[in-house]
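Grab a viewer and work through these exercises one at a time. Try each task yourself before reading its solution.

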Amino acid sequence: FHDQAVLNVALTRARGNVIVVGDALALCSTGHCANLWMKFIETADKIGGSSIVLEELMKNIRTRQRLRACAAENISHTLSSWTRDSCDYGANQEGE
């Protein structure tokens with residue numbers, strides 16, 4: 001889901017059981033609905049309706065956030081250090 005309102009209705013207005021199958025790490029760490037998914041999983045954990053180890057999920061989310069920050073910093077550094085000559089590397093190789 002990309003729309004929080006639609007997801008919220010789907011999760012809270014169900015007349016019976018709600019079964020969610022998916023990658024909890026992906027659901028809770030990417031997209032517009034990440035916070036809503038996290039709240040859903042936390043609530044399910046509190047009432048005993050989740051097979052997810054919440055502490056492990058939180059640890060994995062923090063690790064993913066650190067990795068993204070490092071990747072963004074490295075990409076920024078790499079882009080700022082490129083020169084026009086380095087972008088023409090392929091053209092220079094063809095001329096040899």
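**Exercise 1. Where does Ser51 lie?**

Solution. Start with the ground rules: this is a predicted model, where local features need pLDDT of at least 70, side-chain atom pairs count only at pLDDT 80 or more, and totals for chains, interfaces and linings use all residues. Residues are numbered from 1 along each chain as its sequence is written, and side-chain values use heavy atoms, with hydrogens and water left out.

Now locate the residue: Ser51 sits in the loop between α3 and α4. Helices here are DSSP runs of H or I with at least four residues, strands are E runs of at least two, and both are numbered from the N terminus. Next, its accessibility: Ser51 counts as exposed because its relative accessibility is 75% (exposed is over 50%, buried under 20%, partly exposed in between, with a 1.4 Å probe and protein chains only). Finally, pick a partner: Ile41 is 10 residues away along the chain, and the two C-alpha atoms are separated by 9.6 Å.

**Exercise 2. Work out the helix and strand count.**

Solution. Count first: the protein has 6 helices and 0 strands. Then read along the sequence, and you get α-α-α-α-α-α. As for burial, 17% of the 96 residues count as buried.

**Exercise 3. Take apart the largest nonpolar core.**

Solution. A nonpolar core is a set of buried Ala, Val, Leu, Ile, Met, Phe, Trp, Tyr and Cys residues joined through side-chain atoms within 4.5 Å. The largest one has 13 residues, and among those with the most contacts inside it are Trp37, Ile41 and Leu57. Next, sort by helix: α1 (4-12), α2 (24-29), α3 (34-46) and α4 (54-81) each chip in at least two residues. α3 gives the most, with 4 residues.

Then zoom in on Ile41. Leaving aside residues up to four places away in sequence, Ile41 touches Ala24, Cys28, Ile52, Leu54 and Leu57 (a contact means heavy atoms within 4.5 Å).

**Exercise 4. Describe the lining of the largest pocket.**

Solution. A pocket is an open set of points on a 1 Å grid over the protein atoms alone, where a 1.4 Å probe fits, with protein on both sides within 12 Å along at least five of seven lines; lining residues have an atom within 4 Å of a point. The largest pocket has a volume of about 380 Å³. Of its 20 lining residues, Val20, Phe40, Ala44, Gly49 and Ser50 are the closest to the centre. By helix, α3 brings the largest share, 5 residues. By chemistry, the lining splits into 13 nonpolar, 7 polar and no charged residues, with Gly counted as polar and Asp, Glu, Lys and Arg as charged.

Notes. Points joined across faces, edges and corners; volume = space filled by probe spheres on them.
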